[in-house]
Protein chains: 2
Amino acid sequence: MQTLWDHRYAQRTQRMKGSAIRELLKLTEQPDVISFAGGLPAPEVFPVEEITEACVRVLRENGGMALQYGSTEGYLPLREMIARHTSRYGIRVSADNILITAGSQQALDLIGKVFINRGDRVLVESPTYLGALQAWNAYGAEYITVRTDDEGMVTDELEDALRAGPKFIYVLPNFQNPMGVTMSTERRRQLVELASRYGVPIIEDDPYGQLRYEGEHLPSVVVMDAKIHAQNDRNGNYSGNVIYLSTFSKILSPGLRLGWVIGPTEVIRKLVLAKQGADLHTATFNQVVAYEVGHGGFLDRHVLKIREVYRERRDAMLEALEKYMPEGVRWTRPQGGLFLWVTLPEGMNTTELFTEAVENKVAYVPGEPFHPCGGGENTMRLNFSYCRPEVIYEGIRRLSQVVKAHLK
Amino acid sequence: MQTLWDHRYAQRTQRMKGSAIRELLKLTEQPDVISFAGGLPAPEVFPVEEITEACVRVLRENGGMALQYGSTEGYLPLREMIARHTSRYGIRVSADNILITAGSQQALDLIGKVFINRGDRVLVESPTYLGALQAWNAYGAEYITVRTDDEGMVTDELEDALRAGPKFIYVLPNFQNPMGVTMSTERRRQLVELASRYGVPIIEDDPYGQLRYEGEHLPSVVVMDAKIHAQNDRNGNYSGNVIYLSTFSKILSPGLRLGWVIGPTEVIRKLVLAKQGADLHTATFNQVVAYEVGHGGFLDRHVLKIREVYRERRDAMLEALEKYMPEGVRWTRPQGGLFLWVTLPEGMNTTELFTEAVENKVAYVPGEPFHPCGGGENTMRLNFSYCRPEVIYEGIRRLSQVVKAHLK
């Protein structure tokens, strides 16, 4: 049916599609479905008590400020806290290098707004984070993909892709969404060098970096970039080739919608202009509360607890996969993060299997939408942070039944 | 100095200019400057106690939900509460007609994203709200202006402007930002009829509608549209030609960043897709707290208190202007809202006067930037909600001295 509004939308609106994940999540909201589809933190690890105390203290001592309009850049003590935290990793960063955003998703949107002209190509891993594609599709982005294996983006194939003239490179080096894989140090170095040689900036998305359950912390791409180039601004702060994103969603609470961008001050200034038009500023109250909860070092201790809970759940999922999945099914073994990635034998189709899986009371996200240039029909993303170990066991058992029933 | 990043930005980034207001605000942050420049609510009217109680209750009873990811549309009970509130005004609206946004500014941005192609023309009042221009400039909007007088947009001049083919009409009918004027009922009717005849949608921005200090409430444009056209969707809900915006910023707290859009469900669905890419959803915690504070009717009572405080401040400013301003200076007499508008004699320039005013320890916003097609050099916007009456008196006295010193 033709309506009053049909002809009124902008061209870019034709390209906006609902996130497959969010649409699927609606199907899986029946309480008896075990869902590995979302990317939800476990509510059991939300520091409810600490947040309550912070709310009360902030409102009592500084309610007039916390409930008032604030600066677009973000609450200065929070930016300074993030700068101090970041400077621990061998890179000099001040509050001027930092913008507070409404979660990392807003950072992706603002980056699209500031950098992408219609038809610009963005170089991404394949598969890559769906929310980034969704943000950038609205600005008319096209994509160049580089294959990803168990050590992250295959940087040996990066140079060919760089010759295709991308506007920027987007990577998730730690416990990548959706695959759960981590980029090796050697590949990070190669990435930084090639990007610099070709004059192409890097967007480093690191929502899960603190959630490592085994192995050594690897240096961030932004830190390697700073070391290789020693590109510093007048004040000695970072001024290189990388824009780094992170978030409080996984270490504090996603419902507060707090993320941050670290970048050269000139880039931050452009992002600030874009954010002014987008929402004036991030909620003052949420920022002050996050500072109040975090500035004494609580989050460093809290992360230890989250790691413990999620490590157990990851292990449960890996064990259950080992126990129940038939031969020919492969999966990644993430060292951290929230997700692992299952590959079924060639010829199987996880989108087709999805309805039957939900009938069998288990859900996942089919892998295809994570591939902007196609592929991945036989893959799926599983989340292991949300369900308790015994539920994970039962869910993987159900999923295995569906897979077995369709094995050729 | 040419930097690494200069050639990397998108075309639209060239059009992003800092909001004149926000840059000026920085100049006026010295504590001894009396600033009429911002648009800040008075912190004395923030219901700190009620918000504290709501935070504690929400976190105790429902912390796992309030701190978790939520739906893009917004927290259902909050949308239902807004729907009930709106339905009081003779228009049928359900939660499906409502999207919760990060303040009204985000609603303006999402509307730009969903509707504006580069070069599309938007029909606005002149002067109009600066934040709307800032949001839409990023999408390449051009503007058609219609003159505004003491009864709002001069609708007798609207038909000519409609023939120039605008994508939509943007109006602030109640206590307009920046002028403080209110559109008469007759002009509202004319606007709704002409927009419908020419097939051009209306964006009705109503952040201050509840803050009326005298006179009768006038019907919203969206309500008049619903009555004239009886355009209803399958469920009998609103499905007309208007998208209506409002906010909790002026009746609860701007630091929570909560606004809402009311529109036909098909439009809401498009805005939801745009919002998914922009920030996934508005902070869950803030929405649940706003519902907790508001659902028992507290805001209806609280608004009475805000009106009393702001009425007194408006009166103080009007009295002070009467007492101190020299002949030849005119100003509006707002029936509500936060602002009034001063017009100096022709030939004077408020942008040029600004530095001297700040030296004289008083600040305002020059009127020129509110005019997207130029004009208004001799005008200024004054805010009366933030300062106490005695401070308003002193500020207007200082401002009058500056004006007098430059009178030709």
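Select B:Pro77, B:Leu78 and B:Met81 in helix H4 of chain B, and with them B:Gln287, B:Ala290, B:Tyr291 and B:Gly294 in helix H11 of chain B: the two groups are in contact. By class, this contact between H4(B) and H11(B) counts 5 nonpolar and 2 polar residues, with no charged ones. The model on screen is a predicted one.

Now show the two helices whole, residues 76-87 for H4(B) and residues 284-294 for H11(B). Their axes come within 9 Å and cross at roughly 45°, which makes H4(B) oblique to H11(B). Seen along the line of approach, the crossing of H4(B) and H11(B) is left-handed.

**The eight-stranded sheet of chain B**

Stay in chain B and colour the strands in the order S2-S9-S8-S7-S6-S3-S4-S5. These 8 strands make an open sheet with mixed pairing. Which strands stand at the edges? They are S2, residues 98-101, and S5, residues 152-153; each has a single partner strand, so one side of each is left without a neighbour in the sheet.

Next, select residues 121-126 and residues 142-149 of chain B, which are strands S3 and S4. S3(B) and S4(B) pair in the parallel sense, over 6 bridges. To find one place in this pairing, label B:Arg121 and look across to B:Glu142 in S4(B), which stands opposite.

Then add helix H10 of chain B, residues 265-279, which packs on the sheet. H10(B) touches S2, S8 (242-247) and S9 (259-262) of chain B. The direction of H10(B) makes about 25° with that of S2(B).

**Both chains together**

Display chain A beside chain B. What rotation superposes chain B on chain A? A rotation of 180° does so, with 0.0 Å of shift along its axis and an RMSD of 0.0 Å. The two copies are thus related as by a two-fold rotation axis. The contact residues show the same surface serving both copies, since 100% of those in chain B recur in chain A. To locate the axis, pick B:Cys55: its C-alpha lies 3.5 Å from the rotation axis, the closest approach of any residue of chain B.

**Two helices in chain A**

Move to chain A and select helix H5, residues 103-115, and helix H6, residues 130-137. The axes of H5(A) and H6(A) come within 8 Å and cross at roughly 35°. This crossing of H5(A) with H6(A) is right-handed. On the H5(A) side, show A:Gln105, A:Leu108, A:Asp109, A:Ile111 and A:Gly112; on the H6(A) side, show A:Gly131, A:Ala132, A:Ala135 and A:Trp136. Sorted by class, the contact has 5 nonpolar, 3 polar and 1 charged residues.

Next, go to A:Pro127, in the loop between strand S3 (121-126) and H6 of chain A. The peptide bond joining A:Ser126 and A:Pro127 is cis, with omega about 5°.

A further cis peptide bond runs from A:Asn177 to A:Pro178, where omega is near 20°. To find A:Pro178, follow the loop between strand S6 (168-171) and helix H8 (185-198) of chain A.

**The four-stranded sheet of chain A**

Colour the strands S10-S11-S14-S13 of chain A in that order. The 4 strands form an open sheet, and the pairing is antiparallel. At its edges are S10 (330-331) and S13 (365-366) of chain A, each pairing on one side only.

Zoom in on S11, residues 339-343, and S14, residues 379-383, of chain A; they run antiparallel and are joined by 5 bridges. Within this pair, A:Val342 stands opposite A:Met380 in S14(A). Now add helix H12 of chain A, residues 298-324, which packs on the sheet and touches S10, S11 and S14 of chain A. The direction of H12(A) makes about 15° with that of S11(A).

**Last stop**

Finish at A:Lys361, in the loop between helix H13 (350-359) and strand S12 (362-363) of chain A. What is the sign of phi at A:Lys361? The phi of A:Lys361 is positive, about 65°, although this residue is not a glycine.

Methods
Residues are numbered from 1 along each chain as its sequence is written. Chains are lettered from A and ligands numbered from 1 in the order in which they are written. This is a predicted model: local features need pLDDT of at least 70, side-chain atom pairs count only at pLDDT 80 or more; totals for chains, interfaces and linings use all residues. Side-chain values use heavy atoms; hydrogens and water are left out. Axes are lines fitted to C-alpha atoms, for helices over the stretch in contact, and angles run from 0 to 180 degrees between N-to-C directions. Angles under 35 degrees count as roughly parallel, over 145 as roughly antiparallel, 65 to 115 as roughly perpendicular and the rest as oblique. A crossing is left-handed if the near helix is turned anticlockwise from the far one by less than a right angle, and right-handed if clockwise. Contact means heavy atoms within 4.5 Å. Ala, Val, Leu, Ile, Met, Phe, Trp, Tyr, Cys and Pro count as nonpolar, Asp, Glu, Lys and Arg as charged, and the others, Gly among them, as polar. Two strands pair if DSSP finds at least two bridges between them. Copies are superposed by least squares on the C-alpha atoms of residues with pLDDT of at least 70 in both.
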